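The following exercises are to be worked with the sequence and the model side by side. Each task is followed by a solution in steps.

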Amino acid sequence: MIHPSYSELIQAINKTNEEDEQPVVNSRYSLVLATSKRARQIIGGSEPLVPGAAGKKPLSVAIDELYKGKVRILGEEPEPAQEEQ
């Protein structure tokens, strides 16, 4: 079995949000997007933020970082309403 499970990972990520914020990750799809984006950053040369990352695949490192709260996912900013001319 894979640890952490997707539900544990979603709970860990949303736990870092402030009380008045909506959950950033609320589905498996958004979880996949977040982990894959961080894995691409690691592949691109970003330093892993967790110890013991040497020899692990970038996706495993990204999941570990998110689970341990080393990386924070920011929600999308709402676009400002465009004024009608």
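**Exercise 1: A threonine in a helix**

T35 is buried, with a relative accessible area of 7%. The model on which this value rests is a predicted one.

Task: Establish where T35 is placed and which residues it is in contact with, leaving aside its neighbours within four places in sequence.

Solution.
- Step 1. Locate the residue: T35 belongs to helix α2.
- Step 2. Apply the cut-off: buried means under 20% relative accessible area, and T35, at 7%, is therefore buried.
- Step 3. Follow the side chain: that of T35 reaches the backbone oxygen of V32 at 3.2 Å.
- Step 4. List the partners beyond four places in sequence: T35 is in contact with L59, A62, I63 and L66.
- Step 5. Place these partners: L59, A62, I63 and L66 are among the residues of α3 that make the contact with α2.

**Exercise 2: The pairing of α2 and α3**

Task: Describe how helix α2 and helix α3 cross, and state which class of angle applies.

Solution.
- Step 1. Take the geometry: α2 spans residues 28-43 and α3 spans residues 58-67, and their axes come within 8 Å and cross at roughly 120°.
- Step 2. Classify the angle: 65 to 115 degrees counts as roughly perpendicular and over 145 as roughly antiparallel; α2 and α3 are therefore oblique to each other.
- Step 3. Add the hand: the crossing of α2 and α3 is right-handed.
- Step 4. Name the residues: α2 contributes A34, T35, S36, R38, A39, I42 and I43, while α3 contributes P58, L59, V61, A62, I63, E65 and L66.
- Step 5. Sort them by character: this contact of α2 with α3 holds 10 nonpolar, 2 polar and 2 charged residues.

**Exercise 3: The pairing of α1 and α3**

Task: Determine the angle at which α1 and α3 pack, and which residues make the contact.

Solution.
- Step 1. Take the geometry: the axes of α1 and α3 are 8 Å apart, and the two helices pack at an angle of about 50°.
- Step 2. Classify the angle: under 35 degrees would count as roughly parallel, and α1 and α3 are therefore oblique to each other.
- Step 3. Name the residues: E8, L9, A12 and I13 of α1 meet I63, L66 and Y67 of α3.
- Step 4. Sort them: the contact of α1 with α3 comprises 6 nonpolar residues, no polar ones and 1 charged.
- Step 5. Examine one of these residues: A12 lies in helix α1 and is buried, with a relative accessible area of 12%. A12 and K68 are 56 residues apart in sequence, yet 7.7 Å apart in space, C-alpha to C-alpha.

**Exercise 4: Burial and the whole chain**

Task: Which residues of α1 and of α3 are buried, and what covers them?

Solution.
- Step 1. For α1, the buried residues are L9, I10, A12, I13 and N14; their cover includes α2 and α3.
- Step 2. For α3, V61, A62, D64, E65 and L66 are buried; their cover includes α1 (6-15) and α2.
- Step 3. Note what follows α3: G69 comes after this helix and has a positive phi, near 80°.
- Step 4. Set this in the chain: there are 3 helices and 0 strands, and the elements run α-α-α from the N terminus on.
- Step 5. Complete the account: buried residues make up 28% of the 85 residues. Of the contacts with a separation of 6 or more, 39% are between residues 24 or more positions apart.

How values were computed: Residues numbered from 1 in each chain as written. Predicted model: local features only at pLDDT ≥ 70, side-chain atom pairs only at ≥ 80, totals over all residues. Heavy atoms only, no water. Axes fitted to C-alpha atoms, helices over the stretch in contact; angles between N-to-C directions. Left-handed = near helix turned anticlockwise from the far one by under 90°. Contact = heavy atoms within 4.5 Å. Nonpolar A, V, L, I, M, F, W, Y, C, P; charged D, E, K, R; others polar. Buried < 20%, exposed > 50% of the residue type's maximum accessible area, 1.4 Å probe, protein only. Polar contact = N/O pair within 3.5 Å; in protein donor to acceptor, adjacent residues only side chain to side chain.
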